[in-house]
Amino acid sequence: MSTIEISTKIQALKEWEALAAEAAAEIESLKDEIKKEMECRGVEELEAGQYIARFTTVLSNRFDTTAFKREHGEMYQQYTKQTTSRRFSVA
């Protein structure tokens, strides 16, 4: 693949990424409007035609790795393993 072809593909990639970012922002805006309306109505479930929107509270427990590392540094190191991955970016 030539440099011109790669440059063209990167330009297309940037355009698609911008479009995806716009779409993601619009999606979040619509979700926020629906959630705001549900909060105003004081409901966790809302039927709207053929759709059912749910905005429920979920409780979960998560392991606090920062506190564990601070209090049990040696044990944290003992159970930590290094992994390898590859990252793609275009500047």
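The accessible surface of the protein comes to about 9200 Å². Carbon and sulfur atoms account for 53% of that area. The model is predicted. Of its 91 residues, 3% count as buried. The radius of gyration is 23 Å. A compact globule of 91 residues would have a value near 12 Å. Along the principal axes, the C-alpha atoms fill a box of roughly 50 × 50 × 20 Å.

The protein contains three helices and two strands. Their order along the sequence is α-β-β-α-α. Helix H1 spans residues 3–41. Strand S1 covers residues 45–48, and strand S2 covers residues 51–54.

The two strands, S1 and S2, pair in the antiparallel sense. Four bridges make up this pairing. Within it, leucine 46 stands opposite alanine 53 of S2. S1 and S2 form a hairpin with two residues between the strands. In this hairpin, glycine 49 takes a positive phi near 65°.

Helix H1 also contributes to a nonpolar feature of the surface. Isoleucine 6 lies in this helix. Together with Met1 and Ile10, Ile6 makes a nonpolar surface patch of about 290 Å². Isoleucine 6 has a relative accessible area of 39%. This value falls between the limits of 20% for buried and 50% for exposed, so isoleucine 6 counts as partly exposed.

Aromatic contacts were searched for over the whole structure, and one aromatic pair was found. The partners are phenylalanine 63 and phenylalanine 68. A pair of aromatic rings is described by the distance of the centres and the angle of the planes. Here the ring centres are 5.3 Å apart, within the limit of 6.5 Å for a pair. The planes meet at 55°. Stacked rings would need planes under 30 degrees apart, and edge-to-face rings over 60. The angle of 55° meets neither condition, so the pair is tilted.

The two rings of the pair belong to residues of unlike exposure class. Phenylalanine 63 has a relative accessibility of 61%. The cut-off for exposed is over 50%, so phenylalanine 63 counts as exposed. Phenylalanine 68 has a relative accessible area of 23%. Buried would require under 20%, so phenylalanine 68 is classed as partly exposed.

Note on methods. Residues are numbered from 1 along each chain as its sequence is written. This is a predicted model: local features need pLDDT of at least 70, side-chain atom pairs count only at pLDDT 80 or more; totals for chains, interfaces and linings use all residues. Side-chain values use heavy atoms; hydrogens and water are left out. Rings of Phe, Tyr and Trp (its six-membered ring) pair if their centres lie within 6.5 Å; planes under 30 degrees apart count as stacked, over 60 as edge-to-face and the rest as tilted. Buried means under 20% relative accessible area, exposed over 50%, partly exposed in between (1.4 Å probe, protein chains only). Patches are made of residues with over 30% relative accessible area and no salt bridge: like charges are joined within 9 Å, nonpolar side chains (Val, Leu, Ile, Met, Phe, Trp, Tyr) within 5 Å. Accessible areas come from the Shrake-Rupley method with a 1.4 Å probe; for residues, only the protein chains shown count as cover. A salt bridge is a side-chain nitrogen of Lys or Arg within 4 Å of a carboxyl oxygen of Asp or Glu. The radius of gyration is taken over C-alpha atoms; the globule rule is 2.2 Å times the number of residues to the power 0.38. Two strands pair if DSSP finds at least two bridges between them.
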